[in-house]
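Let's take a walk through a protein together, one stop at a time. Keep the picture open beside you and look for each residue as it comes up.

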Amino acid sequence: MRQLKKHGFGKIPAMLLLLLFSVFFKQAQAKAAPFSAIEVVLPAGKAPDINTALHLCKKYKLPLSSVYTWKNHLVIYGRLRRFNLLRHELTATYPQAMVKTYQNPFYDFDRAKRCKTGVVKNWDNILLTADLVPDAKMQREYLNYHATQFKKWPEVSRGFCNAQFQQLLVFKNGRQLLLVISIPKGENLDKLNPLTSRNNPRVDEWNKLMSKYQEGIPGTKKGETWVFLTPAGR
């Protein structure tokens, strides 16, 4: 306590200091929580109970906009601070479902690092999913392309900058990919996405090259690859 007195804290009870430090620590943890996702895949033909998922968001203090669906798929995405607890609860809530987790993206476009202009405060997150083709060699090639993209294909991230993308993450679980594109809140991806390739043909080359490594997840139509998950809480 001598050091505390030296710095003007002599009149503050030690327990109060511990409480303040605990609050500050929890706030720091909340800010540092990485983006991640948990997916619930129900048997084909069964739609997930969205209201239950929204209730869980309230319980875990997540925005309702964290919930996304597509057919028999439900995804909760965001800064999931109590990740394992939420995963266990989703497993118990949907006993007939397969629960998949997405952590540690293998690709991370961060506007703050890659662009000359800054990052806006509020985002809309667009989620898409697809499968990698069932060929181990091609899967390794796909991951390697993304690992070296910033160095060998700088035009791609330049296109993301032009399109006002704030962040772009790609996660992988088995063969399944989860793509998250973050744009300024209220903007429209259909309007912004063409800006990635405006006067930038290398982006079209990249997209064409990547298409041979990807295919649609079960339930997609013939020729359909990436599918958009619908936000449930908006």
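**A proline in a loop**

Our starting point is P48, which sits in the loop that links β1 (35–41) and α3 (50–59). Bear in mind as you look that this is a predicted model. Is P48 buried or exposed? Its relative accessible area is 11%, and because buried means under 20%, P48 counts as buried.

What surrounds this proline? Setting aside its neighbours within four places in sequence, P48 is in contact with L42, T69, K71, N72, H73 and L74. Take T69 as an example: P48 and T69 are 21 residues apart along the chain, yet their C-alpha atoms are separated by 7.9 Å.

T69 leads us to strand β2, which spans residues 67–70. In a regular strand, side chains alternate between the two faces of the sheet. Here V67 and T69 are on one side, while Y68 and W70 are on the other. All four of these residues are buried, and both faces of β2 are thus covered.

Now look at the partners of β2. With strand β3 (residues 73–79), β2 pairs in the antiparallel sense over 4 bridges. These two strands form a hairpin with 2 residues between them, and in the turn K71 has a positive phi of about 50 degrees. Strand β11 (residues 230–231) also runs antiparallel to β2, joined to it by 2 bridges. Y68 is a handy residue to follow here: its bridge partner in β3 is V75, and in β11 it stands opposite P231.

Next, let's turn to the nonpolar interior. How many residues does the largest nonpolar core have? There are 25, and those with the most contacts inside it are F109, F160, F165, L168, I181 and I183. Several elements each supply at least two residues of this core, among them β5 (107–110), α8 (154–162) and α10 (201–211). The strand that gives the most is β8, with 4 residues. Pick out F160 for a closer look: beyond its neighbours within four places in sequence, F160 is in contact with Y107, F109, R111, F165, L168 and T196. There is also a second, separate core of 18 residues, which includes A53, L54, L56 and L74. You have met L74 already, as one of the contacts of P48.

Our last stop is N125, in strand β6. N125 counts as buried, because its relative accessibility is 16%. What does its side chain meet there? It makes a polar contact with the side chain of S182, at 2.6 Å.

How values were computed: Residues numbered from 1 in each chain as written. Predicted model: local features only at pLDDT ≥ 70, side-chain atom pairs only at ≥ 80, totals over all residues. Heavy atoms only, no water. Core = buried A, V, L, I, M, F, W, Y, C linked by side-chain atoms within 4.5 Å. Buried < 20%, exposed > 50% of the residue type's maximum accessible area, 1.4 Å probe, protein only. Contact = heavy atoms within 4.5 Å. Polar contact = N/O pair within 3.5 Å; in protein donor to acceptor, adjacent residues only side chain to side chain. Pairing = 2+ DSSP bridges.
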